[in-house]
Amino acid sequence: MNRLFGSKSSAPKPSLNEAVANIDNRVASLDVKLAKINGELGTYQQKMSRMRDGPGKNALKQKALKLLKQRKMIEAQKDQLQNQSFNMEQAVMTTDNLRNTMATVDAMKTANKEIKKQYGKINIDKIESMQDEMADLLDMSQELQDTMSRNYAVPDDIDEGELDAELEALGEEMEYEVLHGTGESEAAPSYLDDVPSFVDEPVQENKEEQKAAETAQ
């Protein structure tokens, strides 16, 4: 059987690119034949232009007609091969585009799997809890700063206007005691021993001189 029909060939089938290359080589060989035929037709035309009508000229015409028929057959074959080459080139281009598309799709699938894998490690509830905890810690830090910076010398509910009013009332009370004779005969209250920070410096110097004079007596 193998002798009659031959055995199945184990050689790899040519690819589209190889088939296109083979057709291009065949077209190139046809171009060589066409160039040769055109050269011969040119020679016959020159000879017939110098000959008179007769058997010799008719013989050249017959040869020229055969060459013209052969040239038309070769040109038709060339057109078919070129059409085949064009179609296969389109197939090659389509195959390459599909191959690139599939590669892109595979890359996108791999990227999607990786993204899902990474997002699977993220717990939205834990992130929200962490944000709430961070906000509470910031509030506690602000409260601590406010507590550490609290002013113990002056209550928060007393402003400078109230302090001036209290000092003015205290001064009027002292003037009343001096006018009624109770301020000079009695000893100075103990709270006046220490000069407040709001009393001017010259007053403090006069008080020190008065103490020195009492000590000398």
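A contact here means that heavy atoms lie within 4.5 Å. With that in mind, welcome to this predicted model. Among the contacts in the protein with a separation of 6 or more, 66% are accounted for by residues 24 or more positions apart.

**The overall picture**

The protein has six helices and zero strands. Following the sequence, you will meet the pattern α-α-α-α-α-α. Of the 217 residues in the protein, 10% are buried. The protein exposes about 19,100 Å², and carbon and sulfur atoms supply 54% of that area.

**A nonpolar patch to look for**

Which residues form a nonpolar patch on the surface? They are Ile-115, Tyr-119, Ile-122, Ile-124, Ile-127 and Met-130, and together they have about 600 Å² of accessible area. Two helices, α3 and α4, each supply at least two residues of this patch. The largest share, three residues, comes from α4.

Here are those two helices, so you can find them in the structure:

| Helix | Residue range | Residues supplied to the nonpolar patch |
|---|---|---|
| α3 | 55–120 | at least two residues |
| α4 | 124–148 | at least two residues |

**A closer look at Met-130**

Met-130, one of the patch residues, has its place in helix α4. Why does Met-130 count as partly exposed? Its relative accessible area is 47%, and partly exposed covers the range between under 20%, which is buried, and over 50%, which is exposed. Patches are made of residues with over 30% relative accessible area, so the 47% of Met-130 satisfies that cut-off.

How values were computed
Residues are numbered from 1 along each chain as its sequence is written. This is a predicted model: local features need pLDDT of at least 70, side-chain atom pairs count only at pLDDT 80 or more; totals for chains, interfaces and linings use all residues. Side-chain values use heavy atoms; hydrogens and water are left out. Patches are made of residues with over 30% relative accessible area and no salt bridge: like charges are joined within 9 Å, nonpolar side chains (Val, Leu, Ile, Met, Phe, Trp, Tyr) within 5 Å. Accessible areas come from the Shrake-Rupley method with a 1.4 Å probe; for residues, only the protein chains shown count as cover. A salt bridge is a side-chain nitrogen of Lys or Arg within 4 Å of a carboxyl oxygen of Asp or Glu. Helices (H or I, at least four residues) and strands (E, at least two) are DSSP runs, numbered from the N terminus. Buried means under 20% relative accessible area, exposed over 50%, partly exposed in between (1.4 Å probe, protein chains only).
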